[in-house]
Amino acid sequence: MSRIMDEHLIYEVLSVVEEIPLGKVATYGQIARLIGRERNARLVGRVLSMAEFYGDYPCHRVVNHAGRLAPGWMAQRHLLEEEGVPMKDDTHVDIKACQWDGDL
């Protein structure tokens, strides 16, 4: 694991993801800002791609800035729809209707 991807960073990201309420979504960039790494949205995505190794976190509630779902993760849409997250189309949530305000 590189210095950039240390355990502290991983748990910092996952602790924010854990706070996203049912029926809401957050963006990779929003999470990066909340942990003080404003320019590291891709790093957040990389952490989330490994989250299953660290426990059970609601990573399905994280989308890109336009509300696009993670490519290749078919279950994400189903999980979000079960929580009542409104979809704009097959691959995007209605980000304006369901974005978490992110106050920790």
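**Two buried polar residues, two cores and two cysteines**

The side chain of Asn64 comes within reach of the backbone nitrogen of Arg68, at 2.8 Å. The model in which this is seen is a predicted one. The same side chain of Asn64 also reaches the backbone nitrogen of Ala66, at 2.9 Å. Asn64 itself is found in the loop that runs between strand S2 (62-63) and helix H4 (74-82). Is Asn64 buried or exposed? Its relative accessibility is 15%, and Asn64 counts as buried because the limit for that word is under 20%. Once neighbours within four places in sequence are left aside, Asn64 is in contact with Thr27, Tyr28 and Ile95.

A second loop, between H4 and strand S3 (87-89), holds Glu83. Glu83 has a relative accessible area of 19% and is buried. The side chain of Glu83 makes a polar contact with the side chain of Arg61, at 2.9 Å. Not counting residues up to four places away in sequence, Glu83 touches Arg61, His60, Gly23 and Leu22.

Next come the nonpolar cores. The largest nonpolar core has 20 residues, and those that touch the most other members are Val13, Val17, Ile20, Ile31 and Leu48. Helix H1 (7-19), helix H2 (28-34) and helix H3 (41-49) each supply at least two residues of this core. Which helix gives the largest share of this core? H1 does, with six residues. Val13 can serve as an example of the contacts made: leaving aside neighbours within four places in sequence, Val13 is in contact with Ile31, Ile35, Val44, Val47 and Leu48. Apart from this largest core lies another core, of eight residues, including Val25, Leu69, Val85 and Val93.

The cysteines remain. A disulfide requires a pair of cysteine sulfur atoms within 2.5 Å, and by this rule the count of disulfides is zero. Cys59 is in no disulfide, and the nearest cysteine sulfur to it, that of Cys98, is 17 Å away. Why does the sulfur of Cys98 form no bond with the closest cysteine sulfur? The closest one, in Cys59, lies 17 Å from the sulfur of Cys98, and that is too far for a bond. How buried are these two residues? Cys59 is buried, with a relative accessible area of 11%. Cys98 is buried too, with a relative accessible area of 1%.

Conventions
Residues are numbered from 1 along each chain as its sequence is written. This is a predicted model: local features need pLDDT of at least 70, side-chain atom pairs count only at pLDDT 80 or more; totals for chains, interfaces and linings use all residues. Side-chain values use heavy atoms; hydrogens and water are left out. Helices (H or I, at least four residues) and strands (E, at least two) are DSSP runs, numbered from the N terminus. Buried means under 20% relative accessible area, exposed over 50%, partly exposed in between (1.4 Å probe, protein chains only). A polar contact is a pair of N or O atoms within 3.5 Å; within protein, one must be able to donate a hydrogen and the other to accept it, and residues adjacent in sequence count only if both atoms are side-chain atoms. Contact means heavy atoms within 4.5 Å. A nonpolar core is a set of buried Ala, Val, Leu, Ile, Met, Phe, Trp, Tyr and Cys residues joined through side-chain atoms within 4.5 Å.
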